[in-house]
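Notebook open, coffee at hand. Today I am looking up cysteine links and the nonpolar surface.

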Amino acid sequence: MLGRMRRYDALTVFLLLVGGVIVPVAGWVAGAVMLLVSRRWTLRDKLVGLLIWPGGLAVAVGLIAFSPTRTCVYVDDSSGHHGQCTGTTIPGWVGIPLLVLAIAGPLVTAVHLLRRARRARAAQAE
């Protein structure tokens, strides 16, 4: 897929996808600026790249790394079984689809931009 594409285009998509993980915020912003100033993509492609899932995979990493946790301690003593929990959690029915979306959104966007860059490069070569 990267065969007929410029390095600039590949680097732009790479930064949009994982730049925010490598250098939080600034990495994705660098990719966003590269996307905006490039003549390779149309306005529609630029809007897709910037608005479908801003931050790229950094959002998924953040969900995993900073997800709320809940700790429970249970004690059995003479008065019975007692438990106490602290913290909160994201319910699975919310967290799992959110994580899937946080991974799929940037991946689909990256594939779209790579395909469009390849087509634009091929059309320019003709």
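I started with the sulfur atoms: Cys-72 and Cys-85 form a disulfide, with 2.1 Å between their sulfurs. I keep in mind that this is a predicted model. My search of the whole structure turned up 1 disulfide. I then asked where its two cysteines sit: Cys-72 is in strand E1 (residues 70-77) and Cys-85 in strand E2 (residues 80-87). The two are 13 residues apart, and the pair links distant parts of the chain.

Next I looked up the handedness of the link. The angle about the S-S bond is 110 degrees, and the link of Cys-72 and Cys-85 is right-handed.

Are these cysteines buried or exposed? Neither label fits Cys-72, because its relative accessible area is 32%, and partly exposed lies between the 20% and 50% cut-offs. Cys-85 also comes out as partly exposed, with a relative accessible area of 32%.

Then I turned to the nonpolar surface. Which residues make the nonpolar patch? I noted Leu-11, Phe-14, Val-21, Ile-22, Val-23 and Val-61, which together make a patch of about 510 Å². Helix H1 (residues 7-22) gives the most to this patch, with 4 residues.

I picked out Ile-22 for a closer look. Ile-22 belongs to helix H1 and is one of the patch residues. Its relative accessible area is 55%, so Ile-22 counts as exposed, the cut-off being over 50%.

Terms used:
Residues are numbered from 1 along each chain as its sequence is written. This is a predicted model: local features need pLDDT of at least 70, side-chain atom pairs count only at pLDDT 80 or more; totals for chains, interfaces and linings use all residues. Side-chain values use heavy atoms; hydrogens and water are left out. Patches are made of residues with over 30% relative accessible area and no salt bridge: like charges are joined within 9 Å, nonpolar side chains (Val, Leu, Ile, Met, Phe, Trp, Tyr) within 5 Å. Accessible areas come from the Shrake-Rupley method with a 1.4 Å probe; for residues, only the protein chains shown count as cover. A salt bridge is a side-chain nitrogen of Lys or Arg within 4 Å of a carboxyl oxygen of Asp or Glu. Buried means under 20% relative accessible area, exposed over 50%, partly exposed in between (1.4 Å probe, protein chains only). A disulfide is a pair of cysteine sulfur atoms within 2.5 Å.
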